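Let's take a walk through this one together, starting with a charged pair and working outward from there. Keep the model open beside you as you read.

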Amino acid sequence: MSHNHVHIHKHEVKGKNLFFSIILNVIITLAQIIGGIISGSLALISDALHNFSDVLSLVFSLVAHKLSRRKASLDQTFGYKRAELLAAFVNAATLIIVAFILIYGAIERLINPHPIESTLVIWLALLGIIVNGLSVILLKKDADHNLNMKSAYLHLLTDMMASVAVLVGGLVMKFYGWFWVDSAMTILIAIYLIVVGFDLIIKSTKMLMLFTPEDIDIKAIVREVHKIEGVNKLHHIHVWHLNEEELHLEAHLDCSEDIKMSEFNDLLFKVESVLFQQFGINHINIQPEFKKEDPKDYIVQD
C-alpha cells in the first residue's frame with residue numbers, strides 16, 4: 001500500500017493570542033458580575049455568564065491547541081490532531097446551552113420586572129465592547145485558518161455584540177425608563193448565540209464523523225483520476241478531514257496492466273498531483289491492485 005503526504009505552507013496559529021484573550025475575559029467577567037449584581041441588570045449578568053463560558057471555552061481551546069502540536073507516538077499514531085475539533089464541538093455546544101439559560105432568565109424577568117441602575121450598565125457595557133473587541137482583533141487572523149480558533153473567535157465576537165446590545169439597552173433605560181428592554185436585549189443575544197453555535201456544531205460534527213467534505217465531489221475525483229494512463233479504476237474511496245489542515249484520501253487503485261512497483265510509483269505520482277492540485281487533498285493512501293477479485297464500487301461499506 002502506497003502512502004504519501006503532500007507538504008504545503010500553512011498559517012501558523014498562535015496560542016499566545018488565546019492566552020491574552022483569556023486574561024482580558026477574566027477581567028471583564030468579574031467586572032460584569034459585580035456590576036450586574038449592584039445594578040440589578042439581568043442583561044449585564046447574562047453577558048457576564050456568557051463571558052465566563054467564554055473563559056472556559058478559551059481555556060479549552062488553548063489546551064486543545066497545545067495538544068494538537070504534540071508529536072505522534074506508537075500509542076497515538078495521529079497524535080492529538082483532532083483535539084481542536086473536539087474543542088470546537090464543545091465550544092459550540094456551550095454557546096447553545098448558555099443561550100437557553102439566558103432566554104429562561106429573560107422571560108422570568110419580563111414577567112417580574114425590576115428597576116435597573118442604567119448608568120453602571122452603560123459603563124460596563126462600554127468596557128465589554130473594548131475588551132472583547134481587542135480579543136476579536138487578536139484572534140481574527142487565526143480564525144480564518146482553524147476551526148478551533150474560529151469557535152473561540154465566535155464566542156468573543158458574540159460577546160462584543162452582546163455588549164453593544166447591553167449598551168443600547170442601558171441608554172434606552174436611562175433616557176426612557178423602559179426596563180423591559182434589558183430582557184428583550186438578552187433574548188436577542190441568546191437567539192444569535194443559538195444561530196452561530198448551531199452552524200459551528202454542524203461543521204465540527206461532520207469532521208468528527210469523517211463525512212466527505214462538502215466541497216469534495218467523489219465522482220469528479222474518479223473522473224480526473226481515470227483520465228491518467230495506466231489507471232483502470234479508482235474504487236473503495238474514503239475522503240475526510242483529520243483536522244483543519246489535513247485532508248485525507250484512501251482508496252484502491254486497479255491498474256490496467258500488471259506493472260512493476262517502480263512503474264506504479266510513477267503512476268502514483270501522477271495520481272497524487274491531480275488529487276492535490278485539483279482537490280487540495282494533501283494526505284494520500286493508495287492500495288495498488290491488478291485484477292483483484294473484490295468490490296469495485298466507489299464507496300464500499302466494510
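Start at K206, which forms a salt bridge with E214. The closest N and O atoms of this pair sit 2.4 Å apart. Keep in mind that you're looking at a predicted model. How covered are the two partners? K206 counts as partly exposed, at 29% relative accessibility, while E214 counts as exposed, at 66%. The general idea is a familiar one: side chains of opposite charge can pair when their charged atoms come close.

How many salt bridges does the structure hold? The count is six. Another of them joins the side chains of K227 and E224, at 3.1 Å from N to O. K227 is exposed, with a relative accessible area of 62%.

Now move along to K296, whose side chain meets that of D294 in a salt bridge of 2.8 Å, N to O. Is D294 buried or exposed? D294 is buried, because its relative accessible area is 19% and the cut-off for buried is under 20%. K296, on the other hand, comes out as partly exposed, with a relative accessible area of 22%. This pair also has company: E289, D294 and K296 are linked in a network of salt bridges.

While you're in this part of the chain, have a look at K292, in the segment after β4 (283-289). At 40% relative accessibility, K292 counts as partly exposed. Which residues does K292 touch, once you set aside its neighbours within four places in sequence? The answer is D254 and Q287. For a sense of the surroundings, check A251 too: 41 residues separate A251 from K292 along the chain, and their C-alpha atoms are 14 Å apart.

Next, zoom out to the domains. The chain is divided into domain 1, residues 15-209, and domain 2, residues 218-289. Between their C-alpha centres there's a distance of 43 Å. The two do touch, with nine residues from domain 1 and seven residues from domain 2 taking part in the contact.

Let's turn to what the record says about the chain. An unreviewed UniProt entry carries the annotation "transmembrane region" for residues 18-38, 44-64, 85-107, 119-139, 151-172 and 178-202. You can hold a couple of these spans up against the model. Residues 18-38 are 100% helix and 0% strand, and the C-alpha atoms at the ends lie 30 Å apart. Residues 119-139 are likewise 100% helix and 0% strand, with 31 Å between the end C-alpha atoms.

Finish on the surface, with a nonpolar patch. Which residues form this patch? They are L110, L171, F175, Y176, W178 and W180, and together they have about 710 Å² of accessible area. Helix α5, residues 147-176, supplies the largest share of the patch, with three residues. L171 has its place in helix α5, and this leucine is partly exposed, with a relative accessible area of 36%. That value fits with L171 being in the patch, because patch residues need over 30% relative accessible area. L171 also falls within 151-172, one of the spans that the UniProt entry annotates as "transmembrane region".

Key: Residues numbered from 1 in each chain as written. Predicted model: local features only at pLDDT ≥ 70, side-chain atom pairs only at ≥ 80, totals over all residues. Heavy atoms only, no water. Patch = residues over 30% accessible without salt bridge, like charges linked within 9 Å, V, L, I, M, F, W, Y side chains within 5 Å. Areas by Shrake-Rupley, 256 points an atom, 1.4 Å probe, with all protein chains shown as cover. Salt bridge = Lys/Arg side-chain N within 4 Å of Asp/Glu carboxyl O. Helix = DSSP H or I, 4+ residues; strand = E, 2+ residues; numbered from the N terminus. Buried < 20%, exposed > 50% of the residue type's maximum accessible area, 1.4 Å probe, protein only. UniProt positions renumbered as here; feature names shortened; annotations may be inferred. Domains from an automatic or database assignment. Contact = heavy atoms within 4.5 Å.
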